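Work through the exercises below with the sequence and structure at hand. Try each task before reading its solution.

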Amino acid sequence: MANKILILFSILCLVIGSQVYAVPYDYSYTKECLAKPLKPQYEGGVIVNPELNEGLKGWTRFEDSTVEHRESDDGNKYIVASARKQPFHSFSQKFNLEKEKLYTFSAWLQVSHEKADIAAIFKTNTSYVYAGWVTAQSGCWSMVKGGLVVNVSGPAELYFESNNTNVDIWADSISLQPFTQQEWKSHQDQSIEKFRKSKVKFQAVDQHGQPIPNATVSIKQNNPNFPFGTAINQNILQNGAYQNWFFSRFKYTVFENELKWVSNEYNRGSVDYSVPDAMIALAKSHGVTMRGHNVLWDEPQYQPYWVPGLSSSDLAAAAQKRLISVMTKYKGRFIHWDVVNENLHWNFFESRLGPNISTVYYKYANKIDGSRTVPFLNEFNTIEESTDGVASPSKYLQKIDEMRRGRYGGPLGIGAQGHFGNLNLPYTRSALDMLASAKLPLWVTELDVKPGPNQANFLNQALREIHSHYAVQGIMMWTAWSPQGCYTMCLTDNNFRNLDTGNVVDSFRNELTHADGLRGTTDSNGFFEVSLFHGEYEAKLINGGAVSSSQEINVVPNEETVVDVHRLTVNV
């Protein structure tokens with residue numbers, strides 16, 4: 001009988017308030033290379049022998065390599081794969097993974113000499129799932145953090161891969177922690193309550209300061225605090241329906257193509273800003289804040305047709321002229337500028353003008369407009385695609401460090417584009433954890449989801465995952481409308497009726513703005529408490545069916561234990 005009661009109580013704990021009983025998510029990430037690895041997150045989770053304190057228990061050779069257990073002079077124990085002949089030759093551990101669960105992964109890695117890019121990969125019966133990347137060094141330990149989901153429940157084998165077969169791979173403090181869908185959502189809810197909302201208390205009192213019970217407090221948001229918007233293009237200039245749809249929803253935007261070099265100077269020496277001028281005027285007339293995209297693009301394919309044939313000296317002069325021209329003309333108009341777009345994947349300017357040219361351009365940009373506009377890096381596949389090691393969070397952080405070593409000490413922002421295919425939310429969250437360690441402004445700048453039966457559902461999940469992360473300061477979608485179709489994802493049809501994706505966006509917006517309005521009744525002491533998204537509000541006290549008083553309030557981040565109290569007094 002006692003066992004039955006215990007089982008029932010355990011089930012009740014899981015069903016009631018999963019937010020309280022969920023295993024907390026560990027948002028921490030250490031970007032420094034340490035002499036000794038930190039303890040494994042979640043005490044290793046489901047990893048057997050995560051700190052290698054029990055020899056090679058749980059670990060085995062993966063393909064052809066020599067695997068051994070070692071101990072350093074300070075007593076730290078770790079596993080080593082040497083005599084590697086192929087990139088995937090390493091060590092491994094086997095698990096049974098479940099389709100419905102989300103797995104967060106971390107480990108500390110080192111190599112025998114020099115540096116090497118290492119991927120953590122899970123081999124399943126149907127695929128190879130990349131969980132995370134890091135550039136490991138010799139002489140110190142580097143943390144890799146990532147995550148994965150699997151399409152089919154069943155056996156999986158973790159191993160490590162590096163194209164540099166000359167190095168030995170060392171590992172320690174390995175962790176794999178599973179979470180249920182309910183636990184994962186509870187992390188989102190907790191984070192939103194902690195970082196996106198604040199508790200506010202209202203007290204209704206009469207002219208003598210006495211509390212009024214059973215009075216109604218009505219709350220309406222006038223301006224949200226969290227920047228959320230989407231791209232537009234020149235089609236909006238002559239299309240009233242497009243304008244009505246967009247401006248009724250968004251206060252933030254970015255131009256799809258109209259500020260790119262190829263658009264402004266299609267023919268050499270013929271600079272035309274008339275289209276972005278008109279778009280800026282239109283956006284400004286509606287109080288819409290804009291990002292600048294982009295000054296230069298490192299992709300060879302998207303240069304003005306006359307640029308690739310220039311000599312190095314002419315290219316340097318033309319690129320500098322372009323930067324000075326566009327940034328001087330629009331000084332102070334944008335909150336951000338993507339200065340050298342996608343310079344992790346591409347290197348057009350570096351290949352012609354030297355490896356540090358991006359840093360030079362950021363210095364120029366900051367000198368021209370740095371006091372008003374934050375120069376941003378902007379890259380794809382950093383948070384959305386775990387297989388792309390070129391733009392992994394580790395590589396992104398290295399790019400930032402490279403610019404700082406190049407003596408760029410000015411403001412800098414992190415733009416993660418977010419062009420999603422299939423979702424790997426644990427990887428996305430871990431990637432944001434890693435980027436957050438730079439302590440720079442972090443925006444998702446071009447969010448969309450590729451077409452497919454799950455497009456709207458994936459968009460909904462991606463929006464909620466990104467918005468719930470404490471470090472993300474804004475979200476821009478990449479859904480500019482064109483009658484021929486959008487880049488990847490449209491929100492409306494050609495008559496500006498919402499598609500399923502548009503309904504997802506409206507629902508998300510409505511939550512952030514409390515669009516349905518909030519009403520509550522004061523208690524016996526005249527108090528009414530509510531948790532509100534940060535922003536500007538108008539609160540009204542309704543007593544006896546009529547508005548007795550109103551007050552404008554600004555809900556801002558505060559300590560969790562602090563509750564702002566606003567007194568609403570009945571007007572006589």
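The exercises cover confidence, two sheets, unusual backbone spots and empty space in a predicted model.

**Exercise 1. Judge the confidence. Find the mean pLDDT, and the stretch where pLDDT stays under 50.**

Solution.
- Step 1. Take the whole protein. Its mean pLDDT is 94. Of its residues, 95% reach 70 or more.
- Step 2. Look at the start of the chain. Over residues 1–20, pLDDT stays under 50. The model has seven contacts beyond four places in sequence for this stretch.
- Step 3. Apply the general caution. Where pLDDT is low, predicted coordinates should not be read in detail.

**Exercise 2. Trace the sheet that holds β1 and β7. In which order do its strands come, and which stand at the edges?**

Solution.
- Step 1. Write the order. The five strands run β1-β4-β9-β6-β7. The sheet is open, and its pairing is antiparallel.
- Step 2. Find the edges. β1 (60–62) and β7 (128–137) each have a single partner strand, so one side of each has no neighbour in the sheet.
- Step 3. Add the twist. From one strand to the next it averages 35 degrees.
- Step 4. Zoom in on one pair. β6 (residues 115–124) and β7 are antiparallel and joined by nine bridges. Within this sheet, I118 faces V134 of β7.
- Step 5. Add the helix. α10 (residues 393–405) packs on the sheet and touches β6 and β7. The directions of α10 and β7 make about 30 degrees.

**Exercise 3. Do the same for the sheet that holds β2 and β8. Which are its edge strands, and which helices lie on it?**

Solution.
- Step 1. Write the order. It is β2-β3-β10-β5-β8, again five strands in an open sheet with antiparallel pairing.
- Step 2. Find the edges. β2 (66–71) and β8 (142–148) pair on one side only.
- Step 3. Add the turn between neighbours. On average it is 30 degrees, direction ignored.
- Step 4. Zoom in on one pair. Seven bridges link β5 (residues 102–111) to β8 in the antiparallel sense. Y103 stands opposite L148 in β8.
- Step 5. Place the helices. α3 lies across β5 and β10 (169–179), at about 95 degrees to β10. α11 touches β5 and β8 as it packs on the sheet, and its direction makes about 150 degrees with that of β8.

**Exercise 4. Spot the unusual backbone. Where is the cis peptide bond, and which residue has a positive phi although it is not a glycine?**

Solution.
- Step 1. Recall the usual case. Most residues other than glycine have a negative phi, and most peptide bonds are trans.
- Step 2. Find the cis bond. It joins H293 and N294, with omega about -15 degrees. N294 belongs to strand β15 (residues 289–297).
- Step 3. Find the positive phi. Y42 has a phi of about 55 degrees. Y42 sits in the loop between α2 (18–21) and β1.

**Exercise 5. Describe the largest pocket. How much space does it hold, and which elements help to line it?**

Solution.
- Step 1. Give the volume. The largest pocket holds about 1,100 Å³ of space.
- Step 2. Go to the centre. The lining has 43 residues; the closest to the centre are V149, L423, N424, L425 and Q461.
- Step 3. Name the elements. β7, α3 (181–196), α11 (425–436), α12 (455–468) and α13 (500–513) each supply at least two lining residues.
- Step 4. Sort by class. The lining has 16 nonpolar, 16 polar and eleven charged residues.

**Exercise 6. Set the enclosed cavities side by side. How many are of 30 Å³ or more, and what lines them?**

Solution.
- Step 1. Count. There are two cavities of 30 Å³ or more.
- Step 2. Take the largest cavity. Its space is about 70 Å³. Its lining includes W245, F246 and W481. α4 gives the most, with three residues.
- Step 3. Take the second largest cavity. Its space is about 30 Å³. Among its lining residues are N343, E379 and K399. β17 gives the largest share, three residues.
- Step 4. Compare the classes.

| Cavity | Nonpolar | Polar | Charged |
|---|---|---|---|
| Largest | eight | three | no |
| Second largest | three | two | two |

Terms used. Residues numbered from 1 in each chain as written. Predicted model: local features only at pLDDT ≥ 70, side-chain atom pairs only at ≥ 80, totals over all residues. Heavy atoms only, no water. Pairing = 2+ DSSP bridges. Helix = DSSP H or I, 4+ residues; strand = E, 2+ residues; numbered from the N terminus. Axes fitted to C-alpha atoms, helices over the stretch in contact; angles between N-to-C directions. Contact = heavy atoms within 4.5 Å. pLDDT = per-residue confidence, 0-100. 1 Å grid on protein atoms, 1.4 Å probe; cavity = no way out; pocket = protein on both sides within 12 Å on 5 of 7 lines; lining within 4 Å. Points joined across faces, edges and corners; volume = space filled by probe spheres on them. Nonpolar A, V, L, I, M, F, W, Y, C, P; charged D, E, K, R; others polar.
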